[in-house]
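Here are my notes on the model you asked about. Have it open beside you and follow along point by point.

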Amino acid sequence: MTETRARLTFLGTGTSQGVPMIACDCPVCMSTDPRDKRSRAAAMVDMGGIRTVIDAGPDFRHQMLREKVRHIDAILLTHNHKDHTGGLDDLRAFNYFEHKDSHIYCEPYVLESLKGEYPYCFSENKYPGVPEWRIHLIENEDHLRIDTHYNDPILVWEPGHGYVHQGNCGPVEEKHIDVTPIRVYHNRGGRYPILGYRFAQIVYLTDVVEFPDSQWHKLEGAEYITINCVKIGSPHYSHFCLEEAIDFAKKACDKAGIQHCYLTHLSHAMGKYTDLAERLSSENRSYEGRPLSILPAYDGLVLE
Ligand SMILES: [Zn+2]
Ligand SMILES: [Zn+2]
Ligand SMILES: [Zn+2]
């Protein structure tokens with residue numbers, strides 16, 4: 001693991017329907033606190049001069065505008081659900097202004113889903129202006145290298161014809177970072193394997209309902225962990241409830257020494273930010289002399 005530190009911005013912290021949810025008049029959906037506006041779960045990580053966006057759901061465009069993003073080196077997908085892939089068409093803006101293909105990293109089954117969702121991106125004769133993606137398959141679940149693609153061709157927009165690749169984009173500095181994929185399960189019973197990722201001191205996990213013992217060693221020495229949580233009081237088939245998320249945070253502190261846990265993928269059923277934060281911080285927790293803090297994340301929050 002490199003000494004470089006990572007900076008993670010929560011682009012979105014909402015569950016698949018987002019908060020506010022369409023047609024809902026509950027106090028959370030009606031709240032005027034910006035921390036209660038939870039767009040679909042995603043994160044942006046800056047590390048070693050490389051910018052990676054983890055997941056691009058239906059709120060991707062809005063998230064890019066809000067954070068004033070002008071450049072992305074890589075899109076890293078956790079799995080193939082629409083709330084994590086539904087915004088990939090909007091990478092077109094980066095194709096246009098950066099004059100480069102968009103580099104997407106995903107597992108082979110996710111690629112198969114993308115071919116079904118976005119057939120026009122994979123056709124031989126593309127309609128002018130469709131997104132230009134370059135897919136990198138993640139086949140080693142223990143290590144992933146992301147680089148600056150310094151050999152990329154230049155993407156040139158020819159009116160009436162669409163994009164053509166020309167020459168070489170030239171003096172882009174060669175940089176790379178090492179990321180650790182973490183194998184987790186989205187459904188109970190060890191079903192639906194998906195990936196989380198560790199960038200230096202930050203572990204980003206979402207849509208997890210089972211964490212296998214074989215993966216704890218990848219978390220050792222990390223400082224922050226994120227985990228999904230959609231409801232309070234009873235288990236959900238594909239997400240942690242609050243009690244399970246707290247148990248997981250305690251385990252991560254106990255087994256890997258991680259002292260800061262942030263909850264994401266939050267639904268309106270989790271209540272308002274202020275109420276949830278107060279509830280979580282009123283419980284003092286410590287493990288083997290180490291304090292453990294558990295807090296809700298919110299859109300725009302930065303960890304570094
Ligand atoms: Zn999700
Ligand atoms: Zn609601
Ligand atoms: Zn999911």
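The points below go from the whole chain down to single residues.

1. Before anything else, keep in mind that this is a predicted model. The protein chain contains seven helices and 18 strands, so expect plenty of strands when you start tracing.

2. How does the overall size look? A compact globule of 304 residues would have a radius of gyration near 19 Å, and the protein chain has 19 Å, so the two agree. If you prefer a box, the C-alpha trace spans about 60 × 45 × 35 Å along its principal axes.

3. Buried residues account for 41% of the 304 residues in the protein chain. Now take the contacts between residues at least 6 apart in sequence: 66% of them join residues at least 24 apart.

4. A quick reminder before we get to the sheets: strands of a sheet pair through backbone hydrogen bonds, either parallel or antiparallel. Keep both options in mind for the next points.

5. Look at this open sheet: seven strands, in the order β6-β5-β4-β3-β2-β1-β18, with mixed pairing. The edges are β6 (133–137) and β18 (302–303); each has a single partner strand, so one side of each is left without a neighbour in the sheet. For an antiparallel example, take strand β1 (residues 6–12) and strand β2 (residues 42–47), which are joined by six bridges. You can find Thr9 there, with Met44 as its bridge partner in β2.

6. Then there is the open sheet of seven strands that runs β7-β10-β11-β12-β13-β14-β17, again with mixed pairing. At its edges are β7 (144–147) and β17 (293–296), which pair on one side only. On average, neighbouring strands in this sheet are turned by 25° against each other, direction ignored.

7. Spend some time on β13 in that sheet. Which way does β13 run relative to β12, parallel or antiparallel? The two are parallel, joined by three bridges, and Ile202 stands opposite Tyr224 in β13. Strand β13 (residues 224–228) also pairs with strand β14 (residues 260–264), in the parallel sense over five bridges. Two of the partnerships are easy to check: Thr226 has Tyr262 as its bridge partner in β14, and Ile227 has Leu263.

8. How does the chain get from β13 to β14? It crosses through α6, and this β-α-β crossover is right-handed. Helix α6 (residues 242–256) packs on the sheet and touches β13, β14 and β17. The direction of α6 makes about 155° with that of β13.

9. Are the residues of β13 buried or exposed? Five of its five residues are buried, so to speak a mostly covered strand. Tyr224, Thr226 and Asn228 point one way, while Ile225 and Ile227 point the other way, and all are buried.

10. Finally, try Lys218, which is in the loop between β12 (202–204) and β13. Why does Lys218 count as buried? Because 20 other C-beta atoms lie within 10 Å, and 20 or more is what the label requires. Leaving aside neighbours within four places in sequence, Lys218 is in contact with Thr180, Ile182 and Arg198. As for Tyr262, from the β14 pairing above, Lys218 is 44 residues away in sequence and 18 Å away in space, C-alpha to C-alpha.

Methods. Residues are numbered from 1 along each chain as its sequence is written. Chains are lettered from A and ligands numbered from 1 in the order in which they are written. This is a predicted model: local features need pLDDT of at least 70, side-chain atom pairs count only at pLDDT 80 or more; totals for chains, interfaces and linings use all residues. Two strands pair if DSSP finds at least two bridges between them. Helices (H or I, at least four residues) and strands (E, at least two) are DSSP runs, numbered from the N terminus. Axes are lines fitted to C-alpha atoms, for helices over the stretch in contact, and angles run from 0 to 180 degrees between N-to-C directions. Two residues are in contact if their C-beta atoms, placed from the backbone, lie within 7 Å. A residue is buried if 20 or more other C-beta atoms lie within 10 Å of its own, exposed if 12 or fewer, and partly exposed in between; C-beta atoms are placed from the backbone. A crossover is right-handed if, with the strands pointing away from the viewer, the path from the first strand over the helix to the second runs clockwise. The radius of gyration is taken over C-alpha atoms; the globule rule is 2.2 Å times the number of residues to the power 0.38.
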